[in-house]
Amino acid sequence: MTFLLTLLAAIFVLGPLIALHEWGHYIVARLCGVKVLTYSIGFGPKLTGWTSKKTGTDYRLSMLPFGGYVKMLDEREGEVAEDEQHLAFNRQHPLKKIAIVAAGPIMNFVIAIALFWVLFMTPSEQLATKVGQVLPESPAAMAQLPVGDKIVAIDGHDVQTWEGVNYRLAGRMGETDNISITLQSSEQEAATAKTYQAPVTNFMQGDAQGKDALTSFGMLPWQPQIAPVVGELSADGAAIRQGLEVGDRITAINDTAVTDWISVTRIIRDNPEVLLDFTVLRDNKPVQLQIMPQGKKDNLGNTYGQIGAMVEQSEIVIPDEYKTTVVYGPGEALIKSFEKTEQLAVMTVSSMGKMLSGMIGLDNLSGPITIAKVAKQSFDISWEMVLSTAGLISLSLAVLNLLPIPVLDGGHIVYYVIELIRGKPLSERVQIVGLNIGLLLLLSFMVLAIGNDISRLF
């Protein structure tokens, strides 16, 4: 059942993005006077569809749901009647060819901007960007960031939400340098805000790989103070097997004092399959236990520790000073959506460059399985998360398709720019060699991405 829901979520999110990407190619081809033979969602054998009596275009849904294509009339792919030669793609001016090929990725950019625009206009109550906790021995601790101060900028870029903070920090993945954090205390004006320099080394890699940017940096939002008292134990968990009891108050783990449940869970999650020394108070007497958290995998394949211990459920009240309502008018929201699209596009290209240079590992590359699981996870959270996920995927499709690799749209654009400069197209032999190399590169990346997806499952 989970597999089916994951598949349906992926189809629901990816299907419209693929269809609109191909529609971009299709509609611009039609506007440029090129005859479209086939508009297909998916590859391989035709499942269903119809043929337009007016245009002769074969609209189809195909068996393999890994993208789609628009096939245009082209003399390089078959004989074209003399009275239709002016409708052939290969006969068009290079600028028309570039417009047709670029239309797909541009459509994905437009979709991302539109979805982000809707989200920015949707009022949402969020945690204010006040530092709630600084983790020991972290970059934030080394910079001596004060708890309670509000984050207003990262590396000189204004931030209004924790999502913005997270994206700015994630953009520094793999780097060894200082990250600038500008904070403003509740008593200060923006003009008197203070900037701190936090040193990072191979940020979010090594031991920190798999952790989110905020945890890796050691700067967290406000979190409720929940007493570290065990309220419930799982029958098959490591905790009950190693002697932990309901009512025990955890006071230390590996000689590190803990005063709240969130600190306890963080240590446990960060130490899968590692034997930990627990100190608990039972009937006001200290008891020593050794518990090894079981290694589990989340939806993205990251391994975390779990012992099967929970606290009693209680109402959580967020202090007013740590709450903020975020909402923008249509104009400001549009500007924000463009800014976010630009930021994420630059971060995507930068991450690719870091992978190729070895600054971050190729295991950060994700494929269709991870995308499907993220889509399913977004449906479990909220409709806003579904739109956000769709926007991120659409943006990724746009950037990936514009890479200057033959087979991809970006590679074809390079061919047509060369044709525009030379006044004639590259020879078919050169183009075929380039396409073969591009296909080999693309298949290699797909195999690596799917391999990473599979490794996260086990």
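**Entry 1: Tyr59 and its partner.** I began with Tyr59, which has a relative accessibility of 14% in this predicted model and therefore counts as buried. I then looked up the ring that pairs with Tyr59 and found Trp50, in a stacked arrangement with 5.1 Å between the centres and 20° between the planes. Trp50, at 54% relative accessibility, counts as exposed.

**Entry 2: the wider aromatic cluster.** I asked which residues form one aromatic cluster with Trp50 and Tyr59. They are Tyr26 and Tyr39. My search of the whole structure gave 10 aromatic pairs. One of them joins Tyr26 to Tyr39: the planes stand at 70° with the ring centres 5.6 Å apart, so I recorded the pair as edge-to-face. Tyr26 belongs to helix 1 (residues 2-31) and Tyr39 to strand 1 (residues 36-51), so this pair ties together parts that are 13 residues apart in sequence. Tyr26 is buried at 8% relative accessibility, and Tyr39 is buried at 12%.

**Entry 3: charges over rings.** I noted the charged end of Arg269 over the ring of Tyr304, at 4.4 Å from the ring centre. I also noted Lys340, whose charged end sits over the ring of Phe116, at 4.6 Å from its centre.

**Entry 4: salt bridges.** I counted 16 salt bridges. Among them is the one between Asp58 and Lys46, with N and O 3.1 Å apart. Asp58 is in strand 2 (residues 58-72) and Lys46 in strand 1, 12 residues apart, and the pair links distant parts of the chain. Asp58 is buried at 10% relative accessible area, whereas Lys46 is partly exposed at 38%.

I next looked up Lys97 and Glu419, whose side chains meet in a salt bridge of 3.2 Å, N to O. This pair joins helix 2 (residues 94-121), which holds Lys97, to helix 11 (residues 409-422), which holds Glu419, across 322 residues. Both residues, Lys97 and Glu419, are buried.

For Asp380 I found a salt bridge to Lys376, with the closest N and O atoms 2.8 Å apart. Both residues lie in helix 9 (residues 368-381), four residues apart, which is about one turn of the helix. Asp380 is exposed at 52% relative accessibility, while Lys376 is buried at 18%.

I recorded one network of salt bridges that links Asp155, Arg172, Glu175, Asp177 and Lys354.

**Entry 5: a nonpolar patch.** I closed with the surface patch formed by Phe3, Leu4, Leu5, Leu7, Leu8 and Ile11, which together have about 590 Å² of accessible area. Phe3 lies in helix 1 and is exposed at 65% relative accessibility.

How values were computed:
Residues numbered from 1 in each chain as written. Predicted model: local features only at pLDDT ≥ 70, side-chain atom pairs only at ≥ 80, totals over all residues. Heavy atoms only, no water. Phe/Tyr/Trp six-rings, centres within 6.5 Å; stacked < 30°, edge-to-face > 60°. Helix = DSSP H or I, 4+ residues; strand = E, 2+ residues; numbered from the N terminus. Buried < 20%, exposed > 50% of the residue type's maximum accessible area, 1.4 Å probe, protein only. Lys NZ or Arg CZ within 6 Å of the ring centre and 35° of its normal. Patch = residues over 30% accessible without salt bridge, like charges linked within 9 Å, V, L, I, M, F, W, Y side chains within 5 Å. Areas by Shrake-Rupley, 256 points an atom, 1.4 Å probe, with all protein chains shown as cover. Salt bridge = Lys/Arg side-chain N within 4 Å of Asp/Glu carboxyl O.
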